[in-house]
Amino acid sequence: MTVGGKVILSNDISHHPAVCWLQYRATLAIFAFCWSCLAMPLKNPALKHYVVVGGGVCGVSCCQTLAQEENCRVTLVASKGLLKGVANVVRMTRTIDSFEIVDQAIDEIDGPNTKVVVGTAASLDPAAHVLKLLDGREIPYDKICISTGASPHAIARHPRVLCLRDSDSARALIARLSGDH
C-alpha cells in the first residue's frame, strides 16, 4: 500500500512506509523504458511473440500487460519458480499508485497466451531474434523486454550501512531497527 506517497512492500513491513520508495521509483522507470521499447511497431504485425526476461515486479507486470493484447503470445523467462507481482493496486493520484508486492507461483501467470519458462538467459542474438538460455534452449521472439533488475550502487561498505534492494533487505533494515540482528 502507499501511505503519504511512500510505497510499502508487503503486509509484514506495513508499519515502515518509507522502506521501498526508491525501489518503486526505479521499477517505474524500468517499466516505462521497457514499455516504450515494446510499443515500437513490429515488422510483421500479424505475428506477435513477446519475450520478457525477468521474474521480478517489472517483468511480471510487463508480461501481464502484454498478455491483454489480442493476437499475441508472451513468454516470461525467470530464473526461479517464484515470481514477484503486485496486488491490491489503487490509484492514489495521477502519479502515485498504492499496491503490495506479492509472491506468485508460475501457474498464476501461465495462461492461454502466456507461458513461463524457468531458465537463465545466456545470450541474445538480436539479428536472428533469438534468446539463448544457459541450458541450451532457444526462444525466438518478435520483441523482447530485458527486465532483470538493477544492481544498487552502495556508497559505503560498513556494518552500519545497509543498501535497500528488495523485500529481504527491507526486512533486514526492520530487524536492525528493532534490535533483532
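# A walk from helix H2 to the four-stranded sheet

Eight of the 10 residues of helix H2 (residues 57-66) are buried, so this helix is largely enclosed by the rest of the structure, where buried means under 20% relative accessible area, exposed over 50% and partly exposed in between (1.4 Å probe, protein chains only). Helices (H or I, at least four residues) and strands (E, at least two) are taken here as DSSP runs, numbered from the N terminus. The model is a predicted one, in which local features need pLDDT of at least 70 and side-chain atom pairs count only at pLDDT 80 or more, whereas totals for chains, interfaces and linings use all residues. Residues are numbered from 1 along each chain as its sequence is written, and side-chain values use heavy atoms, with hydrogens and water left out.

The enclosed residues of H2 are Val57, Cys58, Gly59, Val60, Ser61, Cys62, Cys63 and Leu66. Two of the cysteines in this list can be followed further: cysteine 58 is buried with a relative accessible area of 8%, and cysteine 62 counts as buried at 0% relative accessibility. If a disulfide is defined as a pair of cysteine sulfur atoms within 2.5 Å, the count comes to zero. Cysteine 62 is accordingly in no disulfide, and the nearest cysteine sulfur, that of cysteine 145, is 4.0 Å away.

For the chain as a whole, the secondary structure comes to four helices and 11 strands, and buried residues make up 34% of the 181 residues. The accessible surface, obtained by the Shrake-Rupley method with a 1.4 Å probe and, for residues, with only the protein chains shown counting as cover, comes to about 10900 Å², of which 57% belongs to carbon and sulfur atoms. With contact taken to mean heavy atoms within 4.5 Å, 52% of the contacts between residues at least 6 apart in sequence join residues at least 24 apart.

We turn next to a sheet. Four strands form an open sheet in the order E7-E4-E3-E11, with parallel pairing, two strands being counted as paired if DSSP finds at least two bridges between them. Strand E7 (114-118) and strand E11 (143-146) stand at the edges with a single partner strand each, so one side of each is left without a neighbour in the sheet. Neighbouring strands of this sheet are turned by 15° against each other on average, direction ignored, with axes that are lines fitted to C-alpha atoms (for helices over the stretch in contact) and angles that run from 0 to 180 degrees between N-to-C directions. E4 and E7 pair in the parallel sense over five bridges.

Valine 74 gives a view of this sheet from within strand E4 (residues 73-78), where it lies. This valine counts as buried at 1% relative accessibility, and it stands opposite threonine 114 in E7. Leaving aside neighbours within four places in sequence, valine 74 is in contact with His49, Tyr50, Val52, Cys63, Leu66, Ala67, Asn113, Thr114 and Lys115; among these, Cys63 and Leu66 also appear in the list of buried residues of H2. Valine 74 and lysine 143 are 69 residues apart in sequence, and their C-alpha atoms are 9.8 Å apart in space.

A second buried position, glutamine 104, is found in strand E6 (residues 97-105) and has a relative accessible area of 10%. Beyond its neighbours within four places in sequence, glutamine 104 is in contact with Val60, Gln64, Gly81, Leu82, Leu83, Lys84, Gly85 and Ile109, and Val60 is one of the buried residues of H2.

Charged side chains remain to be considered. The structure holds four salt bridges, a salt bridge being a side-chain nitrogen of Lys or Arg within 4 Å of a carboxyl oxygen of Asp or Glu. In one of them glutamate 69 joins lysine 48, the closest N and O atoms being 3.5 Å apart. Glutamate 69 lies in the loop between H2 and E4, and lysine 48 in the loop between helix H1 (21-38) and strand E3 (49-53), so the pair ties together parts that are 21 residues apart in sequence. Glutamate 69 is partly exposed at a relative accessible area of 26%, and lysine 48 is partly exposed at 22%.

Arginine 91 forms a salt bridge with aspartate 97, with closest N and O atoms 2.7 Å apart; arginine 91 is exposed, with a relative accessible area of 56%, whereas aspartate 97 counts as buried at 19% relative accessibility. The side chains of aspartate 135 and arginine 137 also meet in a salt bridge (2.8 Å, N to O), in which aspartate 135 is exposed at 52% relative accessible area and arginine 137 is partly exposed at 36%.
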